[in-house]
Amino acid sequence: MAGARERIGAFFDLDGTLLPPPSLEWRFVAYLLAREEMGGTEITRWLAHGAKTLLRDPRSAASGNKMYLAGLRESLAADWEDSLASGLPRFFPEGIERMVWHLAQGHHVFLVSGTLEPLARAVAGRLPGPVEICA
């Protein structure tokens, strides 16, 4: 049985399970808009791509459209992470308690998210233990 404990994995979604709305991605968009790193060009590109794919694959158009990020500096995600020091999103206590329980049991903890990997990594670094990210 001792070896079986190492094979147990606990999977947590970030948005809606560990964090309340708005989603990490919407928080990032707000950050970009507030700093004028994103504007009309990016939003137009995002809407155009979404409209083009809507008829073909509505789910993809709604959840997978990251066109608003095209052309933006990758370092903006790191800048956003630095900004979290003053405004870290509050986690749901129940989710964190459950995660701590799994970590205490020696289980592997995974974050599963549809958000951008750098955003998931930024938040993962503020969780109570080692987690792996599946973004």
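This section describes the strand arrangement, one loop residue and one pocket of a predicted model.

The sheet is open and consists of 3 strands in the order 1-2-3, with parallel pairing. Strand 1 (9-13) and strand 3 (132-134) occupy the edges; each has a single partner strand, so one side of each is left without a neighbour in the sheet. From one strand to the next, the twist averages 30 degrees. Strands 1 and 2 run parallel and are joined by 5 bridges. Within this pairing, G9 is positioned opposite H108 of strand 2.

The loop between helix 6 (93-104) and strand 2 (108-112) contains H107. This residue, H107, has a relative accessibility of 10% and therefore counts as buried, the cut-off for burial being under 20%. The side chain of H107 is joined to that of H102 by a polar contact of 2.9 Å.

Attention then turned to the second largest pocket, for which a volume of about 160 Å³ was computed. Its lining comprises F28, L32, L69, L72, R73, E74, L76, A77, L116, P118 and L119. At least two lining residues are supplied by each of helix 2 (24-34), helix 5 (75-83) and helix 7 (117-124). By residue class, the lining of the second largest pocket divides into 9 nonpolar and 2 charged residues, with no polar ones. R73 and E74 are among the residues that line this pocket.

Notes. Residues numbered from 1 in each chain as written. Predicted model: local features only at pLDDT ≥ 70, side-chain atom pairs only at ≥ 80, totals over all residues. Heavy atoms only, no water. Helix = DSSP H or I, 4+ residues; strand = E, 2+ residues; numbered from the N terminus. Buried < 20%, exposed > 50% of the residue type's maximum accessible area, 1.4 Å probe, protein only. Polar contact = N/O pair within 3.5 Å; in protein donor to acceptor, adjacent residues only side chain to side chain. 1 Å grid on protein atoms, 1.4 Å probe; cavity = no way out; pocket = protein on both sides within 12 Å on 5 of 7 lines; lining within 4 Å. Points joined across faces, edges and corners; volume = space filled by probe spheres on them. Nonpolar A, V, L, I, M, F, W, Y, C, P; charged D, E, K, R; others polar. Pairing = 2+ DSSP bridges. Axes fitted to C-alpha atoms, helices over the stretch in contact; angles between N-to-C directions.
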